[in-house]
Structures are given as structure tokens and as C-alpha cells.
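Colleague: I have the model open and would like to go through it with you. Could you tell me what stands behind each of the terms you use?

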Amino acid sequence: MARIGLVAHDDKKDDLVGWALANREALARHELWGTGTSGGRVTAGTGLPVTLLKSGPLGGDAQLGAMICEGRLDVLIFFQDPLTAMPHDVDIKSLTRLATLYDILFAPNHRTADAVLAAL
């Protein structure tokens, strides 16, 4: 069982929920963590249990980053919107930097998330 972090920018939250619904059976075998809004949307849309952290801009991205540093997260699924400026961009960069630094599986989009989930 892998510990998977789920987060998506506002314009990608529907994509994350759709992806999670399509992969519901596979995701059900893992421990899911999510930032407040993203994780809540996944639970509402799929019925999957997601342990909710704070909303991304309120510290949820930092909480996921801390989990990575502490070895408590194996995978980060982070559907990013590269065309929209984010007011908490520094938190986003920190989270993606930590995923890279600690060499965990990291998926910034639907296709990569499919490959990561298939590898688990």
C-alpha cells in the first residue's frame, strides 16, 4: 500500500476528480491524503476516504511537503495549471522541489498519474 498525496489547482480539480473516479478501484488499495479542497472534492466525487489537510494556500501544500521530508508520503499526484499565476506560487514550488529532492513518484498531469498508478 502506497501513501498518495492528491492536490490540484482550481482549474484542474475536475480533472483530478475524473481521474480518481476512473481509477477508483486502484486508488482504494492505497492510503490517500489531500489538501482540503482537492481531497474533499475527490471524496465527494468518488466516495474514497481521503485524509484532509489544510487548503493549499493555507498550509496544505506545506503539510504535504513535510510529509515528504518525513518519509510519510510515497507519491504526489499534483494536477497543475501551468497557465494561471498562483498567489501561493512559492509553496507550490517548494512542494514540487521536495518531491524531486526526496525522489518520490510525482505526477503533474493525467498521463503521468496513469503511469505512476500503474507502477504501484
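Modeller: Gladly. Contact here means heavy atoms within 4.5 Å of each other. By that criterion Ser38 touches Leu6, Val7, Ala8, Lys13 and Leu16, leaving aside residues up to four places away in sequence. Do keep in mind that this is a predicted model.

Colleague: Where does Ser38 sit, and why is Ser38 called buried?

Modeller: Ser38 lies in helix 3. Buried means under 20% relative accessible area. Ser38 has 1% relative accessibility, so it counts as buried.

Colleague: Let's turn to the sheet. What order do the strands have, and in what sense do they pair?

Modeller: The sheet is open, with five strands in the order 3-2-1-4-5 and parallel pairing. Strand 3 (51–52) and strand 5 (105–107) are at the edges; each has a single partner strand, so one side of each has no neighbour in the sheet.

Colleague: What makes strand 2 and strand 3 a pair?

Modeller: A pair needs at least two bridges. Strand 2 (residues 31–34) and strand 3 have two bridges, in the parallel sense, so they qualify as a pair. Trp33 stands opposite Thr51 of strand 3.

Colleague: And how many bridges are there between strand 1 and strand 2, between strand 1 and strand 4, and between strand 4 and strand 5?

Modeller: Strand 1 and strand 2 are parallel, with four bridges; Leu6 has Gly34 of strand 2 as its bridge partner. Strand 1 and strand 4 are joined by five bridges and also run parallel. There, Val7 stands opposite Phe78, and Ala8 stands opposite Phe79. Strand 4 and strand 5 have three bridges in the parallel sense, with Leu105 of strand 5 as the bridge partner of Val75.

Colleague: Why do you call strand 4 largely enclosed?

Modeller: Five of the five residues of strand 4 are buried, so the rest of the structure largely encloses this strand. Both of its faces are covered: Val75, Ile77 and Phe79 are buried on one side, and Leu76 and Phe78 on the other. Strand 1 is also described as largely enclosed, because five of its six residues are buried.

Colleague: How do you know that the buried residues of helix 6 are on the same side?

Modeller: The residues concerned are Ala113, Val116 and Leu117. They cover an arc of only 95° around the axis, which puts them on the same side of helix 6. In general, an α-helix has 3.6 residues a turn, so residues three or four places apart point the same way. Turned away from the buried side of helix 6 are the exposed residues Arg111, Ala118 and Ala119.

Colleague: What covers the buried residues of helix 6?

Modeller: The cover includes helix 1 (13–22), helix 2 (24–27), strand 4 and strand 5.

Colleague: At the start of helix 6, what makes the approach of Asn109 to Arg111 a polar contact?

Modeller: The cut-off for a pair of N or O atoms is 3.5 Å. A side-chain oxygen of Asn109 comes to within 3.3 Å of the backbone nitrogen of Arg111, and this falls inside that cut-off.

Colleague: Which residues of helix 1 are buried, and what do they pack against?

Modeller: Lys13, Leu16, Val17, Trp19 and Ala20 are the buried ones. Their arc around the axis is only 165°, which places them on the same side of helix 1. They pack against strand 1 (3–8), helix 2, helix 3 (36–46), strand 4 and helix 6. The face turned away carries Asp14 and Ala22, both exposed.

Colleague: What makes up the largest nonpolar core?

Modeller: A nonpolar core joins buried residues of certain types through side-chain atoms within 4.5 Å. The largest has 21 residues, and those with the most contacts inside it are Ile4, Leu6, Leu16, Trp19, Leu27 and Ile77. Strand 1, helix 1, helix 2, strand 4 and helix 6 each supply at least two of its residues. Helix 1 gives the largest share, with four residues. Apart from this core lies another, of 15 residues, including Val7, Leu53, Phe78 and Met86.

Colleague: And which residues does Ile77 touch?

Modeller: Ile77 touches Ile4, Gly5, Leu6, Val7, Leu16, Trp19, Ala107, Ala113 and Val116, again not counting residues up to four places away in sequence.

Key
Residues numbered from 1 in each chain as written. Predicted model: local features only at pLDDT ≥ 70, side-chain atom pairs only at ≥ 80, totals over all residues. Heavy atoms only, no water. Buried < 20%, exposed > 50% of the residue type's maximum accessible area, 1.4 Å probe, protein only. Arc of directions from axis to C-beta. Polar contact = N/O pair within 3.5 Å; in protein donor to acceptor, adjacent residues only side chain to side chain.
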